[in-house]
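I opened this notebook to keep track of what I looked up, going through the enclosed spaces, then an open pocket, then a single residue.

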Amino acid sequence: MKNKNEKFNHIKCFTLGIFVLALTLVSGCQPMKETAGLERIIERGYVNVGTLFGPNSYYLDAHGPAGFEYELAKKYADHLGVELKVVPSYNLEELFPKLDNGDVDFLAAGLAVTPKRLARYNFAPSYDEVSQKLVFKQGNVRPRALKDLTGSFMVASSSSHAENLMKLKEEHSELSWQETSELDSEELLVKVLAGELDYTVSDSHTLAINRRYYPEISIGFTIKQPEPLAWLVSKQQDDSILASLIEFFGEVHQDGTLLALDDKYYGHVEQFNYVDTRMFIKAIEKKLPKYQELFVKHNQELDWRLLAAISYQESHWEPHARSYTGVRGMMMLTLATAKQMGIKSRLDAEQSIRGGAKYFKKLINLMPARIPAPDRIWFALASYNVGFGHLNDARIITERQGGDPDRWVEVKTRLPLLKQKKYYKHTKYGYARGDEPVNYVENIRRYYDTLTWMDEKAKKEKMLNEVEQLNETDEPKETEQLSLSGE
């Protein structure tokens, strides 16, 4: 796995190439010159952006719209000083016509730069890259090459996966697959999991997110090496929108915005542990119900699922857990912290949860107000593990090295430096195993995402069951009333 900074340096190199190409396309245009397309956007006060429903692009959560592409598009709209209007599609066959027909100004949907698409559209500078993985269900025979694909194989139509398979078929005539416009890549993963398909292709980002929920999805082999992702602009438009996108991506690459956004959505999911993920899902089903009400009751106005994720990382939801360092209980509190939080028994599950939640809320409040969410949450988690003083030492090192001390993605690369004498001898609090809080935070982020997904899924299933039961109850009454009226 590439180091995140190395990855973005690689993307910057590609972006430079796109930048040079785009400058040729927009020759004669000055950056941000408000002519035609761009002028129309600014005059009407909003930009229409085409995207896809899904965890990588755009979805609605309890707090409103979310998704990597949504947030990046929102930053572009703010860059122009206009409102963002999202025009989502359910599949690629719906998406591309919206750009062709002028219904949207550009597409922001995690789309790979492919030869077929380059022939039809202009691309903004790249902001990320993904590889294509051939996936199958854990427990089945692992395919290691194209010649091993002997079962049912399906991909989404109009996708970069389908385009790549067409190219591969030129040299592998025996290769066969089906294409669908009814299912997206996530739904195809579920089909593989259910045994209804043997294989599909998934982008590395999509796979990393979904394996937190479906750990039995396994990688056979890489079917396409990393390719850049970029936003698409119609070749029928003038070049003013493309010119503004070039300027925008230059800024977000330079100021760290893109790196921070990538870390928010993908930084904690790049590492996958099958056994740990399976154990956590089993614990949610078997152990959590006993303690869930306590996390809700003592949530300190925080998401109870985050507190539950912290507790699982600390003790695996074992009230009598003990560490060699002397911390104990569900939230693994030190004796001093327990006394400070007014806790008499660390081994009492409710007291431990109440004390841990209160202490975590205190750590969040210690963070400077200028640090935005969710970074202040990740900083507080790191403090819970390694201490507020060591975290501040790492933030000071970050600032000395020219990084942003208020971004988790920057500070987490400096925390491990606290193990090296040449760094920690210049700090206030000295040596610390700085790699541990990094792993600690990333683990909790993964647990939190998985728990949130399973909780929301359970709520939807419960609601559907209640609606079905209500319908079943109402139908006989209606029949009985009709019968009585007939008499």
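Entry 1, the lining of the largest cavity. I sorted the lining of the largest cavity by class and found 15 nonpolar, 14 polar and seven charged residues. I note here that I am working from a predicted model. The cavity itself has a volume of about 510 Å³, and of the 36 residues that line this space, Leu52, Ala109, Gly110, Ser185 and Asp203 are the closest to its centre. I then asked which elements each supply at least two residues of this lining. They are the helices α3 (68–80), α4 (92–100), α6 (160–169), α7 (185–193) and α8 (204–210), together with the strand β7 (128–137).

Entry 2, the second largest cavity. I looked up how many cavities of 30 Å³ or more the structure holds, and the count is two. The second largest has a volume of about 50 Å³, and I listed its lining as Val49, Thr51, Ser57, Tyr58, Glu69, Tyr70, Ala73, Leu84, Val86 and Ala108. Two or more of these lining residues come from each of β1 (46–52), α3 and β4 (83–89), with α3 giving the largest share, three residues. By class I wrote down seven nonpolar residues, two polar and one charged.

Entry 3, the second largest pocket. Turning to the pockets, I noted that the second largest has a volume of about 650 Å³. It is lined by 25 residues, and those nearest its centre are Glu314, Thr325, Val327, Tyr384 and Asn385. The elements α13 (304–315), α16 and α20 (435–486) each supply at least two residues of the lining, and I recorded α20 as the source of the largest share, five residues. The classes in this lining are 11 nonpolar, 11 polar and three charged residues.

Entry 4, Phe379. I stayed with helix α16, which spans residues 375–386 and contains Phe379. Is Phe379 buried or exposed? I put it down as buried, because its relative accessible area is 0%, and the cut-off for buried is under 20%. I then looked for its contacts, leaving out residues up to four places away in sequence, and found that Phe379 touches Met367, Ile371, Leu391, Pro405, Asp406, Arg407, Trp408 and Val411. For one of these partners, Asp406, I also looked up the separation: Asp406 is 27 residues from Phe379 along the chain, and their C-alpha atoms are 8.9 Å apart.

Technical notes: Residues are numbered from 1 along each chain as its sequence is written. This is a predicted model: local features need pLDDT of at least 70, side-chain atom pairs count only at pLDDT 80 or more; totals for chains, interfaces and linings use all residues. Side-chain values use heavy atoms; hydrogens and water are left out. On a 1 Å grid over the protein atoms alone, a cavity is a set of points where a 1.4 Å probe fits but cannot get out, and a pocket is an open set with protein on both sides within 12 Å along at least five of seven lines; lining residues have an atom within 4 Å of a point. Grid points are joined across faces, edges and corners, and a volume is the space filled by probe spheres set on the points. Ala, Val, Leu, Ile, Met, Phe, Trp, Tyr, Cys and Pro count as nonpolar, Asp, Glu, Lys and Arg as charged, and the others, Gly among them, as polar. Buried means under 20% relative accessible area, exposed over 50%, partly exposed in between (1.4 Å probe, protein chains only). Contact means heavy atoms within 4.5 Å.
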